[in-house]
Amino acid sequence: MIYLDYAATTPVDQRVLDAMMPYFRESFGNPSSVHRFGQKAEAAVDEAREKAAFVLGCRADEVIFTSCGSESDNLALRGASLVKRNETGANWILTSRVEHHAVSKTAGQLEKYFDFQVKWLDVDEHGMVTPQVIEKAIREQTALVSVMYANNEIGTINPIREIAGICRKNKILFHTDAVQAAAYLPVNVDSLGVDLMSLGAHKFYGPKGVGALYVRKGTPLVSHLTGGGQEFGLRAGTQNVPYIVGFAEALWLANEEREARIAHVRPLRDKVIGTVLESIPDSRLTGHIEARLPNHASFVFKDVDGNLLLQLLDSAGFACSSGSACKTGNPEPSEVVTSLGLSRDWALGSLRVTLGVNTTPAEIDSFLQVLPSLVQKVRDLNRR
Ligand SMILES: *Cc1c(COP(=O)(O)O)cnc(C)c1O
């Protein structure tokens, strides 16, 4: 079985696992305890926070550990917009039509149950949120803008620095979901200019079930998980020490090895894109051709049932995806793909191929050998 779904999740790096192991049994203390067991666990969390802060270029007390990327998005959106409205009365949330559900469903809930108004920002044909769209949409009553750094389904990288600059000029809070981006793109919060940024470890060879939210000093935020005073009072609950250690190690390695990892996946990814578009009739790349994640290839094929194609690929030994892992099994085209302006006969046939550290040229060759005939097979089956 060949794994080509690194945007859904990645295996834990052995070095990350090694760093985590002592904190399950030997140093199992509660970081909030006064005794030495507690001190040891607290030191591990502190060190992980320093390490993450170094990569992000921020202060350690601006890093809040959470249970996943989704939780970080929830905390950012709900936590910031509630306080902001309390302070200023602003009740608009601006976000794009191509966000991960962790952002879009949270925005939707704030609208339905908390009296916010969500303004959904259109994207261009590459799925990009342009600075012009932001410039036009913001108003005084905007509490928060949230635009993802890189898209998980179509790989497009947004001009975050420009968007953040516009928000800052207008004194509006800006959050970015960098969960997919952090594996390959620089995450220095000052060069990006963000106020809030979500991360999740399992997209960059860390464990599932741990994330972080960067919160710029002075950003208004209320805890959405109340209880003990952990994480500077912004996220109650005994810290998951081994996972937090794993998060920091994985982020550190992603930063250290960024160039090498890009150099490994990019040529293979380019081969996938070139060969697919050349050898499969009625195929199109989705997302931006240049401003895209270096490990990410995504396509639509006209008159192809994307789910059936995935099943045939699985039978042939290849694990790919049609888009977000959360949407598998849904017969409707994804909102991300339809927001590109594609008609239904194209949008239903989406395929996402994402590569990683373990991907080999031989794997890509064998994938490219079978894909055209499988697409043809799905088309033949549909015609009958
Ligand atoms: C995976 C992902 C998430 C969710 O992260 P989890 O850690 O799985 O909750 C959010 N946003 C984007 C862009 C993602 O790719």
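**Two domains and a ligand site**

Let us start where the two halves of the story meet: between domain 1 and domain 2 there are 15 residue pairs in polar contact, both residues at pLDDT 80 or more. A polar contact here is a pair of N or O atoms within 3.5 Å; within protein, one must be able to donate a hydrogen and the other to accept it, and residues adjacent in sequence count only if both atoms are side-chain atoms. Keep in mind that this is a predicted model, in which local features need pLDDT of at least 70, side-chain atom pairs count only at pLDDT 80 or more, and totals for chains, interfaces and linings use all residues. Residues are numbered from 1 along each chain as its sequence is written, and side-chain values use heavy atoms, with hydrogens and water left out.

Domain 1 covers 14-256 and domain 2 covers 258-383, with bounds that come from an automatic or database domain assignment. Their contact takes 32 residues from domain 1 and 28 residues from domain 2, where contact means heavy atoms within 4.5 Å. Together the domains bury about 2,500 Å², 55% of it on carbon and sulfur atoms; buried area is the accessible area (1.4 Å probe) that two parts lose on being put together, summed over both. Glu153, Ile154 and Tyr184 supply 34% of the area that domain 1 buries against domain 2, more than any other three residues.

What about charges? Across this interface the rule finds zero salt bridges, a salt bridge being a side-chain nitrogen of Lys or Arg within 4 Å of a carboxyl oxygen of Asp or Glu. A search of the whole structure, though, finds 19 salt bridges. One of them joins the side chains of Arg235 and Glu71 at 2.8 Å, N to O. Arg235 sits in the loop between β8 (211-215) and α8, while Glu71 belongs to helix α3 (residues 69-88), so the pair ties together parts that are 164 residues apart in sequence. Helices (H or I, at least four residues) and strands (E, at least two) are DSSP runs, numbered from the N terminus.

Finally, visit the ligand. The residues around it include Cys68, Asp73, His100 and Lys203, each with a heavy atom within 4 Å of the ligand. A polar backbone atom of Gly69 is 2.8 Å from a ligand oxygen atom. Polar side-chain atoms also approach ligand oxygen: one of Ser70 at 2.7 Å, and one of His202 at 2.9 Å.
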